Amino acid sequence: MVELGETAVQSALKTKWLGRAYRYFAETASTNDLLKEQSAAALPAGALFLTDFQSRGRGRLNRRWLAPAGSSLLLSILFRPNWPPAQAQWLTMLTSLAAAEAVEAATGLTVGVKWPNDLVIQQAGVWHKFSGLLLEGEMGEDGRLHQAVMGIGVNVNISPTALPDAVTPATSLLAAVGRPVDRLALLVDFLQRLETGYETAVSGQSPHPAWKKRQMMLGQRVQVTQLDTEQRIVGLAEDTDDWGRLLVRDEAGRLHAVAAGDVTLR
Ligand code: BT5
């Protein structure tokens with residue numbers, strides 16, 4: 001049986017709707033692209049595409065996401081939240097929280113969030129990235145978030161020698177705990193937590209407080225590069241807000257609310 005194939009996953013899933021429409025691909029270009037191409041054709045909310053290898057795995061701004069075949073969780077989920085667009089980051093928060101909790105339960109590690117879309121763990125006193133999220137939404141004519149594809153890559157069993165070179169040093173769960181982690185069990189637990197978290201958010205409760213608690217750069221001096229304008233701000237990372245923006249106080253005392261960017265500790 002294929003480890004993360006349809007038969008294995010469908011019989012292990014504990015969710016009601018999330019991941020119930022499940023498709024496994026031994027290889028594809030990018031699960032986000034595949035799901036976006038096919039979702040117009042009436043896939044239900046909660047549909048999930050997972051692959052064991054991506055030939056064009058993407059981060060933001062068409063950066064690459066690199067993972068050796070069979071080493072990771074590489075998947076995309078379709079949501080139809082019908083939220084106002086400013087609320088889209090709730091999906092990133094919910095997915096980050098579910099993945100962080102599932103990883104902690106499986107490994108005993110402590111997981112942090114590196115704004116806006118990375119999951120990190122500390123190794124030898126340095127924050128290492130083991131997971132990244134990529135949210136791609138589409139607005140309906142009413143201006144609401146009609147469809148959203150949430151992609152996540154988790155470095156589960158990448159051997160330490162096969163980790164990609166990256167700005168934020170990369171790690172995997174295997175590298176951090178010194179033993180392989182069961183990908184199927186991790187996937188099933190993650191999806192169950194995400195379904196519960198999503199339903200809680202739909203009932204009106206914000207995931208922001210729990211997400212903010214995990215932010216590793218709050219209270220630190222940071223440099224933020226805004227994604228759209230490439231404007232740089234150096235200052236104190238004071239807070240995040242309910243829409244997932246990072247609030248940075250610059251040297252002149254001005255507060256900037258950054259919606260999308262890259263942040264490094266200074
Ligand atoms: C991300 O972008 O971190 C989002 C990654 C999303 C990947 C998933 S996999 C399933 C789905 N299908 C896709 O095609 N994508 C999603 P960003 O914050 O822009 O970070 C990208 C940067 O992370 C790269 O420029 C590298 O420096 C670094 N990187 C690449 N692969 C990595 C890995 N396996 N582990 C840690 N860092 C990595």
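The following exercises, each with a worked solution, concern a predicted model.

**Exercise 1. The two domains**

Task: State into which domains the chain is divided, and describe how many residues each gives to the contact.

Solution.
Step 1. The residue ranges are read off: domain 1 covers 6–213, and domain 2 covers 221–265.
Step 2. The C-alpha centres of domain 1 and domain 2 are 24 Å apart.
Step 3. To the contact, domain 1 gives 15 residues and domain 2 gives 16 residues.

**Exercise 2. The buried area**

Task: Determine what area is buried between domain 1 and domain 2, and which three residues of domain 1 supply more of its share than any other three.

Solution.
Step 1. Between domain 1 and domain 2, about 1,300 Å² is buried.
Step 2. Carbon and sulfur atoms give 55% of this area.
Step 3. On the side of domain 1, the residues sought are R60, W115 and H208, which supply 44% of the area that domain 1 buries against domain 2.

**Exercise 3. Polar links and the makeup of the interface**

Task: Find how many salt bridges cross the interface of domain 1 and domain 2, and characterise the side of domain 1 that touches domain 2.

Solution.
Step 1. The rule finds 3 salt bridges across this interface.
Step 2. The side chains of K212 and D239 form a salt bridge, with 2.7 Å from N to O. K212 falls within the range of domain 1, 6–213, and D239 within that of domain 2, 221–265.
Step 3. Between the domains, 10 residue pairs are in polar contact.
Step 4. Two elements, α3 (89–107) and α6 (208–213), give two or more residues to the side of domain 1 that touches domain 2.
Step 5. Sorted by class, that side has 7 nonpolar, 4 polar and 4 charged residues.

**Exercise 4. The ligand**

Task: Identify which of the 29 residues around the ligand come nearest, and examine the polar atoms that face the ligand.

Solution.
Step 1. The residues that come nearest are S30, R58, L66, K129 and N155.
Step 2. For R58, a backbone N or O atom lies 2.8 Å from an oxygen atom of the ligand.
Step 3. For R60, a backbone N or O atom lies 3.0 Å from an oxygen atom of the ligand. R60 is also one of the three residues named in Exercise 2.
Step 4. N155 uses its side chain instead: an N or O atom there is 2.8 Å from a nitrogen atom of the ligand.

**Exercise 5. A salt bridge between strands**

Task: Explain why the salt bridge of K129 and D118 ties together separate parts of the chain.

Solution.
Step 1. The structure holds 19 salt bridges. Among them is the pair K129 and D118, whose side chains meet at 2.9 Å, N to O.
Step 2. K129 belongs to strand β6 (residues 126–139) and D118 to strand β5 (residues 118–123), so the pair ties together parts that are 11 residues apart in sequence.

**Exercise 6. Backbone features**

Task: Locate the cis peptide bond at P116 and the positive phi of N82.

Solution.
Step 1. The cis peptide bond joins W115 and P116, with omega about 0°.
Step 2. P116 sits in the loop between β4 (112–114) and β5.
Step 3. N82 is not a glycine, yet its phi is positive, about 55°.
Step 4. The loop between β3 (72–79) and α3 contains N82.

How values were computed
Residues numbered from 1 in each chain as written. Predicted model: local features only at pLDDT ≥ 70, side-chain atom pairs only at ≥ 80, totals over all residues. Heavy atoms only, no water. Domains from an automatic or database assignment. Contact = heavy atoms within 4.5 Å. Buried area = accessible area lost by both parts, 1.4 Å probe. Salt bridge = Lys/Arg side-chain N within 4 Å of Asp/Glu carboxyl O. Polar contact = N/O pair within 3.5 Å; in protein donor to acceptor, adjacent residues only side chain to side chain. Helix = DSSP H or I, 4+ residues; strand = E, 2+ residues; numbered from the N terminus. Nonpolar A, V, L, I, M, F, W, Y, C, P; charged D, E, K, R; others polar. Near = heavy atom within 4 Å.
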